[in-house]
Structure formats: C-alpha cells, structure tokens
Amino acid sequence: PVCEDITPVQEKHERIDSIIFTKKAKKEGKEAFILQALQKSVQGRKDKTRAFVQELQTWQKNEYVDAHYNAQVMYDELAKILPLPFGYEVFKKHYNNTRS
C-alpha cells in the first residue's frame, strides 16, 4: 500500500480583538473559528437572522461569546468584524426573543 504524507496546512489566524469574546475563546484562539461558524450559519438559509442568532447563542451557552451584552452592543461589535446580511431591528427581535 502506498502512503501519502499529508502535512496539515497551517491557517494564519489574525487576532480578532472584540469585547464579545470571552477569556476562554481568546485562550483557545477560537475567535476566527466562531466568526466562520456564524458566517456559515446564514448560508442557504431564508431565515438568516434566526439561524445566525441561534448559532451565536450556542457559542454564548458554551461560554465563548459573552452573553451579558445587550442586542445593540452585540450587533455593533459583530458589524465591526463581520458583514451582516440583516439589520439591527430584526437582529434585536431574534436576539431578545421578542416579536413585534
């Protein structure tokens, strides 16, 4: 049998500095991974905001993203580091789990 030597490609993760990431996320270097997961959560979804917020809340539950920020702070911080395909009002509705 022929074995192929596979060397994993080291991805360069630039440090993403944002107040929303917990010490745990920073210590484990998960910031870029979390942002990728958030971006993937909206791909091919009609309910982009709901999918995004559910993914975000999973990271909060696992203590990688700080859950103590209100919707405005969270949206503003995310908008600085990610292109968001939805506006603040619809984000706030899902983030705060309210219906208008």
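Which pattern does the protein chain follow when read along the sequence? With the whole chain displayed, the answer is α-α-α-α-α, that is, five helices and zero strands, where helices (H or I, at least four residues) and strands (E, at least two) are DSSP runs, numbered from the N terminus. This is a predicted model, in which local features need pLDDT of at least 70 and side-chain atom pairs count only at pLDDT 80 or more, while totals for chains, interfaces and linings use all residues. Residues are numbered from 1 along each chain as its sequence is written, and side-chain values use heavy atoms, with hydrogens and water left out.

**The whole chain**

Show the surface first: the accessible surface of the protein chain comes to about 7300 Å², of which 49% belongs to carbon and sulfur atoms, the areas being calculated by the Shrake-Rupley method with a 1.4 Å probe, and for residues only the protein chains shown count as cover. Of the 100 residues in the chain, 35% are buried; here buried means under 20% relative accessible area, exposed over 50%, and partly exposed in between (1.4 Å probe, protein chains only). Among contacts with a separation of 6 or more, 55% join residues 24 or more positions apart, a contact meaning heavy atoms within 4.5 Å.

**Helix α2**

Select residues 31–42, which form α2. The twelve residues of this helix should span 16 Å at 1.5 Å a residue, and the 18 Å between its end C-alpha atoms agrees with that; the expected span is 1.5 Å times one less than the number of residues. Its buried residues are Glu-31, Ala-32, Ile-34, Leu-35, Ala-37, Leu-38, Ser-41 and Val-42, and what covers them includes α1 (23–28), α3 and α4. Just after α2, look at Gly-44, which takes a positive phi of about 70°.

**The nonpolar core**

Next select Phe-52, Leu-78 and Phe-91, which touch the most other members of the largest nonpolar core, a set of 26 residues. Such a core is a set of buried Ala, Val, Leu, Ile, Met, Phe, Trp, Tyr and Cys residues joined through side-chain atoms within 4.5 Å. The elements giving two or more residues to this core are α2, α3, α4 and α5, and α2 gives the most, with six residues. Centre the view on Leu-78: apart from residues up to four places away in sequence, Leu-78 touches Ile-20, Leu-38, Phe-52, Leu-56, Leu-84 and Phe-91.

**Helices α4 and α5**

Leu-78 is one of the buried residues of α4, together with Ala-71, Met-74, Tyr-75 and Glu-77. Viewed down the axis of α4, these buried residues fall within an arc of 165°, so they line one face of the helix; the arc is that of the directions from the helix axis to the C-beta atoms. They pack against α2, α3 and α5. At the N-terminal end of α4, select Asn-70, which caps the helix with a side-chain oxygen 3.1 Å from the backbone nitrogen of Gln-72. Also in helix α4 is Lys-80, which is exposed, with a relative accessible area of 61%; its C-alpha lies 8.8 Å from that of Ser-18, although the two are 62 residues apart in sequence.

Move on to α5 (residues 88–95), where Tyr-88, Phe-91, His-94 and Tyr-95 are buried. They cover an arc of only 130° around the axis, which puts them on the same side of α5. An α-helix has 3.6 residues a turn, so residues three or four places apart point the same way. The cover over the buried residues of α5 includes α3 (48–61) and α4 (71–81). After α5 comes Asn-97, whose phi is positive, near 55°.

**The loop between α3 and α4**

Finally, which residues should be selected in the loop between α3 and α4? Glu-63 is found there, as is Tyr-64. Glu-63 is exposed, with a relative accessible area of 53%, and its phi is near 65°, a positive value in a residue other than glycine. Tyr-64, by contrast, counts as buried at 11% relative accessibility, and its contacts, leaving aside neighbours within four places in sequence, include Ile-20, Thr-22, Ala-25, Ile-34 and Trp-59.

Now add Thr-22, in the segment before α1, which is buried, with a relative accessible area of 16%. The C-alpha atoms of Tyr-64 and Thr-22 are separated by 5.3 Å, with their positions 42 residues apart along the chain. Not counting residues up to four places away in sequence, Thr-22 touches Glu-63, Tyr-64, Val-65 and Asp-66.

Methods:
Polar contact = N/O pair within 3.5 Å; in protein donor to acceptor, adjacent residues only side chain to side chain.
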